[in-house]
Amino acid sequence: LKPCRPKRNSPLESSLAQHLLGAMSSTLIWECIKGNSSFIRKSTNMPAMSSEKGNLCGLNSFKFSGLTNARVFDVSSAKKGSNEKIVITTRHSKPSRAARPGSMLLQSGLK
């Protein structure tokens with residue numbers, strides 16, 4: 001008798017395995033970066049603020065974090081020459097992009 005093993009060629013199964021095995025939980029990521037992030041801005045008599053993309057309120061908390069939260073939204077402006085446009089930043093809908101910091105955020109521009 002041969003042991004029953006799933007086929008590795010299935011793209012759905014391989015992406016699901018990569019997502020389940022390769023991704024850390026958002027609470028674990030938050031515990032690692034909550035005091036050591038380069039985006040934190042501290043001053044006296046003020047709450048700790050954060051300047052990361054996707055953090056609309058600017059507070060350094062798990063609820064508003066753009067790096068750890070699954071729901072990300074940010075509005076900013078971009079100027080190119082004399083033209084200025086509004087840029088909306090959201091999180092990518094594919095779970096495989098969560099492990100890639102360079103492609104986990106999507107930006108769309110409005111004129």
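How many disulfides does a search of the whole structure find? The search finds 0, and I would like to start there, keeping in mind throughout that what we are looking at is a predicted model. For anyone who wants the chemistry restated, a disulfide is a covalent bond between the sulfur atoms of two cysteines. Among the cysteines, Cys32 is partly exposed, with a relative accessible area of 48%, and Cys57, at 45% relative accessibility, counts as partly exposed as well.

Let me now step back to the overall layout. The protein chain holds 2 helices and 5 strands, and if you follow it along the sequence the pattern reads α-α-β-β-β-β-β. Of its 111 residues, 16% count as buried, while the chain exposes about 8900 Å², of which carbon and sulfur atoms supply 58%. As for contacts between residues with a separation of 6 or more, 20% of them come from residues that are 24 or more positions apart.

One place where distant parts of the sequence come together involves Trp30 and Thr68, which are 38 residues apart in sequence but have C-alpha atoms 6.1 Å apart in space. Trp30 belongs to helix 2, residues 26–33, whereas Thr68 sits in the loop that runs between strand 2 (49–50) and strand 3 (73–80). Is Trp30 buried or exposed? Trp30 counts as buried because its relative accessible area is 11%, and the limit for that class is under 20%. Thr68 is likewise buried, at 6% relative accessibility.

If we leave aside residues up to four places away in sequence, Trp30 touches Asn60, Ser61, Phe62, Ser65 and Thr68. Seen from the other side, and again without the neighbours within four places, Thr68 is in contact with Ser26, Ile29, Trp30, Ile33 and Phe62. Thr68 also has a polar contact, in which its side chain meets that of Ser65 at 3.2 Å.

Staying with the loop between strand 2 and strand 3, I would point you to Leu56, which lies in that loop and, unlike the buried Thr68, is exposed, with a relative accessible area of 52%. Leu56 takes part in a nonpolar surface patch of about 440 Å², made together with Phe73, Val75, Ile86 and Leu110.

Turning to charge, side chains of opposite charge can pair when their charged atoms come close. How many salt bridges does the count come to? The count comes to 1: Glu31 forms a salt bridge with Lys34, and the closest N and O atoms of that pair are 3.2 Å apart. Lys34 is partly exposed, at 37% relative accessibility.

My last item concerns the backbone. Most residues other than glycine have a negative phi, and most peptide bonds are trans. Asn45 has a phi near 55°, a positive value in a residue other than glycine. Where is Asn45 placed? Asn45 is found in the loop between strand 1 (40–41) and strand 2, and at 81% relative accessibility it counts as exposed.

To close, I would ask you to look at two places in the predicted model: the pairing of Trp30 with Thr68, at 6.1 Å from C-alpha to C-alpha, and Asn45, with its positive phi.

Terms used:
Residues are numbered from 1 along each chain as its sequence is written. This is a predicted model: local features need pLDDT of at least 70, side-chain atom pairs count only at pLDDT 80 or more; totals for chains, interfaces and linings use all residues. Side-chain values use heavy atoms; hydrogens and water are left out. Helices (H or I, at least four residues) and strands (E, at least two) are DSSP runs, numbered from the N terminus. Buried means under 20% relative accessible area, exposed over 50%, partly exposed in between (1.4 Å probe, protein chains only). A polar contact is a pair of N or O atoms within 3.5 Å; within protein, one must be able to donate a hydrogen and the other to accept it, and residues adjacent in sequence count only if both atoms are side-chain atoms. Contact means heavy atoms within 4.5 Å. Patches are made of residues with over 30% relative accessible area and no salt bridge: like charges are joined within 9 Å, nonpolar side chains (Val, Leu, Ile, Met, Phe, Trp, Tyr) within 5 Å. Accessible areas come from the Shrake-Rupley method with a 1.4 Å probe; for residues, only the protein chains shown count as cover. A salt bridge is a side-chain nitrogen of Lys or Arg within 4 Å of a carboxyl oxygen of Asp or Glu. A disulfide is a pair of cysteine sulfur atoms within 2.5 Å.
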